[in-house]
Amino acid sequence: MTLRLHDTATRSVRDFVPREPGKAGIYLCGVTVQSGPHIGHMRSAINYDVLRRWLIHSGYEVRFVRNITDIDDKVLAKAQEAGVPFWQIAYANELLLGRMYDALGVLPATVEPRATGHIPEMFTLIEQLIERGHAYAAGGDVYFDVRSWDRYGELSGQRPDAMQSSEGEARGKRSPLDFALWKSEKPTEPQDAYWPSPWGRGRPGWHIECSAMSWRYLGEEFDIHGGGLDIQFPHHENEIAQSKAAGFGFARYWVHHALLNLGGEKMSKSIGNVIDLDALVAKGLRPVEVRYYMAAPHYRSTIEYSDDAVREAAVAYKRIEGFVLRATETLGDVPPGVLGAEFVAAMNDDLNTSRALASVHEAIRHGNAALADRNLKAARGALSTVRAMLDILGLDPLHEQWREAKGDDLLRPAVDALVALALEQRNAARARKDYPAADAVRDQLKQAGIIVEDTPHGPRWTLGS
RNA sequence: GACAGGGUGGCCGAGUGGUCCAAGGCACUGGUCUGCAAAACCAGUAUUCGCGGGUUCGAAUCCCGUCCCUGUCUCCA
């Protein structure tokens with residue numbers, strides 16, 4: 001069975017056939033680091049992290065390139081506002097982004113290149129485009145000549161003739177549709193944001209960096225290009241035009257993920273309807289629960305954010321976690337084993353994580369039943385398959401990523417001994433049928449954040465609320 | 001206006017021609033277990049898929065119309 005992926009360019013689900021057997025090259029449009037990341041960015045990161053893990057599991061050697069766009073109009077505007085160099089703003093936000101990836105268990109990219117580190121590659125590309133008659137210099141600017149590329153619109157379905165052109169004619173453009181590859185310096189912009197170029201001092205246009213970096217790290221043609229639905233046009237359309245006009249084969253599959261909405265609109269810094277990971281943590285959610293929330297719906301479905309929905313996701317995840325922890329308590333460490341067939345089928349079906357999770361929950365139900373029946377063999381099987389499936393989604397509760405803070409390892413035996421003391425008293429009370437006293441012990445522990453549950457083999461405790 | 005994608009139970013969310021009187025989760029109800037709980041398990045909870053037509057032996061799934069929602073429209077606010 002092979003992976004099938006939705007390809008935006010053909011608007012269809014296609015078998016994934018890598019350019020080179022056993023290898024997969026992915027370019028993901030990362031973030032423009034104009035400000036700190038919000039949970040909309042997290043969705044992108046998590047969706048592609050799942051794709052990547054699935055490809056790795058499927059035996060591919062994955063080269064995963066996720067860029068940082070560290071220069072653009074907004075970064076410069078923020079820098080001017082703050083009175084600091086643009087790269088200071090960009091780098092500070094890049095660090096925040098990295099922290100967010102770590103917190104959510106997003107695997108580090110193979111390489112995370114920055115736009116400003118690839119100016120020479122841009123020059124080569126731009127010169128190639130000029131030579132081929134698809135770009136022209138005008139003053140100190142260089143524009144891509146959209147009319148010279150008749151496949152323009154192939155990705156988004158936009159027809160150049162039908163497009164509304166923007167207000168205000170830019171200087172030197174032959175057509176309002178043309179877009180800048182290189183922008184000449186302006187007196188109103190920070191003077192430390194420019195590079196010398198064959199066309200005079202200036203800085204990159206918005207789209208050229210991705211063409212340059214994908215070329216640098218993945219070659220002229222690569223397997224998958226990803227990004228949010230909102231940058232399909234113009235950004236990806238322009239990327240295709242540039243790269244193909246330069247003679248590259250470019251991306252073979254275009255995978256776009258849907259957005260995270262809040263209040264009926266996409267979460268966006270400019271609209272101001274943003275929530276970041278810290279805000280969710282402040283609501284009592286753990287990053288792993290947030291990851292579950294983002295990974296559970298299909299990647300091409302819009303998520304309308306709501307507090308209720310995240311909380312519901314947290315409850316669902318706790319059910320998963322509860323099984324894994326309880327099963328491990330009775331079975332000992334059972335390593336991840338073989339995936340369920342339904343899970344595999346679901347993942348291969350355009351990464352249908354929703355369906356895949358349904359099979360996880362079913363396995364858990366069977367596992368819980370097996371535990372209750374003391375059918376250890378069946379329980380062991382369920383645990384190993386559940387852990388394997390969760391591992392693909394980056395949600396295995398036993399993975400080091402999700403272990404509580406380090407001190408926890410030392411604290412736990414100590415708390416365990418104290419709780420055992422309290423439970424001895426409770427047991428004594430129960431033995432003499434003094435239930436009010438027994439319940440008082442349980443209630444007091446609960447107030448301290450320790451939940452006591454009775455099992456056929458004695459009480460167990462967990463932290464919780 | 002153009003282009004793209006959606007509208008499924010109380011909620012979240014899969015399902016794109018028959019096995020769907022619609023997966024899974026949450027919530028709720030009843031049961032088992034328990035001293036009582038909790039957890040877990042079992043059972044129940046949409047004859048129905050925005051609305052109106054049509055195609056078909058058969059439609060949530062295809063077609064037409066209609067209403068509503070989201071994204072995008074280029075040196076992006």
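## RNA strand B and a parallel sheet

Trainee: How do the residues of the surface near RNA strand B divide by type?

Mentor: A residue is near the strand if one of its heavy atoms lies within 4 Å of it. Ala, Val, Leu, Ile, Met, Phe, Trp, Tyr, Cys and Pro count as nonpolar, Asp, Glu, Lys and Arg as charged, and the others, Gly among them, as polar. The surface near RNA strand B divides into 15 nonpolar, 16 polar and 22 charged residues.

Trainee: What is the basis of these values?

Mentor: Residues are numbered from 1 along each chain as written, chains are lettered from A and ligands numbered from 1 in written order, and side-chain values use heavy atoms, without hydrogens and water. Local features need pLDDT of at least 70, side-chain atom pairs count only at pLDDT 80 or more, and totals for chains, interfaces and linings use all residues, the basis being a predicted model.

Trainee: Which helix gives the largest share of the surface near RNA strand B?

Mentor: Helices are DSSP runs (H or I, at least four residues), as strands are (E, at least two), numbered from the N terminus. With seven residues, the largest share comes from helix α11 (residues 353–372).

Trainee: In what order do the four strands form an open sheet?

Mentor: Two strands pair if DSSP finds at least two bridges between them. The pairing in this sheet is parallel, and β4 (61–69) and β10 (250–257) are the edge strands, each pairing on one side only. The order is β4-β3-β9-β10.
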